[in-house]
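Ready for some practice in reading a protein structure? Take a look at the sequence and the model, then work through the exercises below at your own pace.

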Amino acid sequence: MDESYTSYLINKKNMIESVDDGWVSFAEKNHGKELINERVVYRDINAVIACKKCQELYDMLIESVRAKQKTIYFPFRCDSPEARRYMTMEMAPLHQKKILFTSYLEKEDRRTPLALLDIMTARSDEIIMICSWCKRIRAEKDIWLEAEEAVEKMLLFNRSPLPQLSHGICPSCYDLLLQKIV
């Protein structure tokens, strides 16, 4: 693994017990005022996870780590308008049923800024789904595309304002994460 990017600790009741300086710095740099230290500590982890299906999946992963007392790793993306960030999440069991979550940055690819991923961009009432793990966008019922491809296929360059993004999970990522539980 490369450098540690950010980490946080949950207690046996799934409450966020602490976040590190990397978490706070990332939230501040990315317009995430609702995610700064004093707003997340002592809140349920599900309060910072956007979609219900993702919350359920995290609950299963957490339960598996506690039951097996075994660290698990899985890939995810944490993109910005200017970069694709390929990362690995480590979920490590600790004493008293606590779990330490640590994210590692594996690779970052710079890209031409993509307004669709800019949270400061004006939005319409239309909603499109983005996968919380791989950051692909659902272009059609069973078709998930990289953001740039989705913008082109869905003619999003021609829309103003852009649609809102709703977080979910694509079938590929869901299946991959289910494998971590068994």
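**Exercise 1.** Decide whether C78 is buried, partly exposed or exposed.

*Solution.* Keep in mind throughout that this model is predicted.
- Step 1: Start from the relative accessibility of C78, which is 17%.
- Step 2: Recall the cut-off: a residue is buried when its relative accessible area is under 20%.
- Step 3: C78 therefore counts as buried, at 17%.

**Exercise 2.** Find where C78 sits in the chain and which residues it touches.

*Solution.*
- Step 1: Look between β3 (72–77) and β4 (83–93); C78 belongs to the loop there.
- Step 2: Leave out residues up to four places away in sequence, and C78 is in contact with F26, R85, M87 and K135.
- Step 3: For a distance across the model, try D175: 97 residues separate it from C78 in sequence, and their C-alpha atoms are 19 Å apart.

**Exercise 3.** Classify E56 in the same manner, and name its helix.

*Solution.*
- Step 1: Helix α3 covers residues 52–68, and E56 is part of it.
- Step 2: The class between buried and exposed runs from 20% to 50% relative accessible area.
- Step 3: E56 has 42% relative accessibility, so it is partly exposed.
- Step 4: To place E56 further, use N46, which is 10 residues away along the chain and 8.8 Å away between C-alpha atoms.

**Exercise 4.** Work out how the buried residues of helix α1 are arranged around its axis.

*Solution.*
- Step 1: Helix α1 spans residues 21–29, and its buried residues include W23, V24 and A27.
- Step 2: These residues share one side of α1, because their arc around the axis is only 95 degrees.
- Step 3: A helper rule: an α-helix has 3.6 residues a turn, so residues three or four places apart point the same way.
- Step 4: Now turn to the face away from the buried side of α1, where you will find the exposed residues D21 and K29.

**Exercise 5.** Describe the fold as a whole: what are its elements, and how compact is the protein?

*Solution.*
- Step 1: Count the elements: there are 5 helices and 9 strands.
- Step 2: Read them from the N terminus: β-β-α-α-α-β-β-β-β-β-β-α-β-α.
- Step 3: The radius of gyration is 17 Å, close to the 16 Å from the globule rule for 182 residues, so the protein is as compact as a globular protein of that length.
- Step 4: Add the burial: 46% of the 182 residues count as buried.
- Step 5: Finish with contacts: among those with a separation of 6 or more, 60% join residues 24 or more positions apart.

Terms used:
Residues are numbered from 1 along each chain as its sequence is written. This is a predicted model: local features need pLDDT of at least 70, side-chain atom pairs count only at pLDDT 80 or more; totals for chains, interfaces and linings use all residues. Side-chain values use heavy atoms; hydrogens and water are left out. Helices (H or I, at least four residues) and strands (E, at least two) are DSSP runs, numbered from the N terminus. The radius of gyration is taken over C-alpha atoms; the globule rule is 2.2 Å times the number of residues to the power 0.38. Buried means under 20% relative accessible area, exposed over 50%, partly exposed in between (1.4 Å probe, protein chains only). Contact means heavy atoms within 4.5 Å. The arc is that of the directions from the helix axis to the C-beta atoms.
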